[in-house]
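Below are my notes on this model, set out as numbered points for discussion. Please read them with the coordinates open.

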Amino acid sequence: MTETRTDPSFVSDERTMLDSWLDYHRATLALKCEGLDADQLRRRSAEPSNLSLLGLVRHMAEVERHWFQGILGGEEFTRGRYWSEERPDGDFDDVDTADPAEAFATWRAECEGARKAAAGLPLDTVGRRQRRGEDVSLRWILVHMIEEYARHNGHADLLRERIDGATGE
């Protein structure tokens with residue numbers, strides 16, 4: 001599947017801008033992974049880091065779920081899709097036999113669930129669960145998600161370049 005990425009408009013309202021930048025960064029992560037086989041996606045190519053592109057996809061599925069279903073929507077989770085109390089970094093660590101197709105399907109489903117959870121809500125909407133004892137607005141969640149993707153897309157740049165030399169935005 002060829003990923004398409006749309007540059008956010010230079011002029012738009014705040015909500016459109018935030019949603020556009022978040023989708024831009026989601027598409028960037030997919031592009032960084034495009035064209036690689038399972039072994040390449042699992043490869044920890046920047047030793048001694050345990051990061052892999054597949055681990056980043058799994059991690060971002062967890063992050064999407066946490067912020068949009070958990071904090072915004074109020075769901076309680078006793079374990080993650082890829083982590084547990086015994087394996088708190090399972091999203092990153094347990095990739096050696098992980099199925100990329102499953103991870104990408106889960107990540108895409110979590111992105112779609114996030115879009116649905118936030119659809120139509122004002123930016124000042126406060127999540128149903130607190131974070132560290134404080135309320136969290138949808139605006140904060142969207143800005144945080146852009147930051148989270150931007151940081152990890154930087155990691156993805158380095159990982160991809162180490163795998164096959166590919167560089168780009």
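1. Which hand does the crossing of α1 and α6 have, left or right? The crossing of these two helices is left-handed, the term being used where the near helix is turned anticlockwise from the far one by less than a right angle, with right-handed reserved for clockwise. The contact residues of α1 with α6 divide into 14 nonpolar, three polar and eight charged, where Ala, Val, Leu, Ile, Met, Phe, Trp, Tyr, Cys and Pro count as nonpolar, Asp, Glu, Lys and Arg as charged, and the others, Gly among them, as polar.

2. Before going further, the basis of these remarks should be stated: this is a predicted model, in which local features need pLDDT of at least 70 and side-chain atom pairs count only at pLDDT 80 or more, while totals for chains, interfaces and linings use all residues. Residues are numbered from 1 along each chain as its sequence is written, and side-chain values use heavy atoms, with hydrogens and water left out. Helices (H or I, at least four residues) and strands (E, at least two) are DSSP runs, numbered from the N terminus.

3. To return to the first pair, the axes of α1 (residues 14–33) and α6 (residues 138–164) come within 9 Å and cross at roughly 25°; axes here are lines fitted to C-alpha atoms, for helices over the stretch in contact, and angles run from 0 to 180 degrees between N-to-C directions. That angle makes α1 roughly parallel to α6, since angles under 35 degrees count as roughly parallel, over 145 as roughly antiparallel, 65 to 115 as roughly perpendicular and the rest as oblique.

4. Helix α1 also packs on α3 (residues 53–72), their axes coming within 10 Å and crossing at roughly 155°. This makes α1 roughly antiparallel to α3, and α1 passes α3 in a left-handed crossing. From α1, Leu22, Arg26, Leu29, Lys32 and Cys33 make the contact, and from α3, Leu53, Leu56, Val57, Met60, Glu64 and Phe68, with contact meaning heavy atoms within 4.5 Å. By class, this contact has eight nonpolar, no polar and three charged residues.

5. The axes of α3 and α5 are 9 Å apart, and the two helices pack at an angle of about 25°; they are therefore roughly parallel to each other, and their crossing is left-handed. Among the α3 residues that meet α5 are Val57, Met60, Ala61 and Phe68, while the α5 side includes Ala103, Phe104, Thr106 and Trp107. The contact has 14 nonpolar, three polar and four charged residues.

6. Which residues touch the most other members of the largest nonpolar core? Of its 40 residues, these are Leu29, Leu53, Phe68, Trp107 and Met145. A nonpolar core is a set of buried Ala, Val, Leu, Ile, Met, Phe, Trp, Tyr and Cys residues joined through side-chain atoms within 4.5 Å, and buried means under 20% relative accessible area, exposed over 50%, and partly exposed in between (1.4 Å probe, protein chains only). The elements giving two or more residues to this core are α1, α3, α5 and α6, with α3 giving the most, 11 residues. In soluble globular proteins, nonpolar side chains tend to be buried together.

7. Two residues of α5 can be examined by their contacts. Not counting residues up to four places away in sequence, tryptophan 107 touches Arg26, Leu29, Ala30, Val57, Met60, Ala61 and Tyr149. Threonine 106, found in helix α5 (residues 100–118), is buried, with a relative accessible area of 13%; leaving aside neighbours within four places in sequence, threonine 106 is in contact with Ala61, Arg81 and Tyr82.

8. Two backbone features in loops merit a check. The peptide bond from glutamate 47 to proline 48 is cis, with omega near 5°, and proline 48 has its place in the loop between α2 (38–42) and α3. Glutamate 47 is exposed, with a relative accessible area of 56%, and its C-alpha atom is separated by 9.9 Å from that of leucine 159, 112 residues apart along the chain. Arginine 132, in the loop between α5 and α6, has a positive phi of about 55° although it is not a glycine, and is exposed at 75% relative accessible area. Most residues other than glycine have a negative phi, and most peptide bonds are trans.
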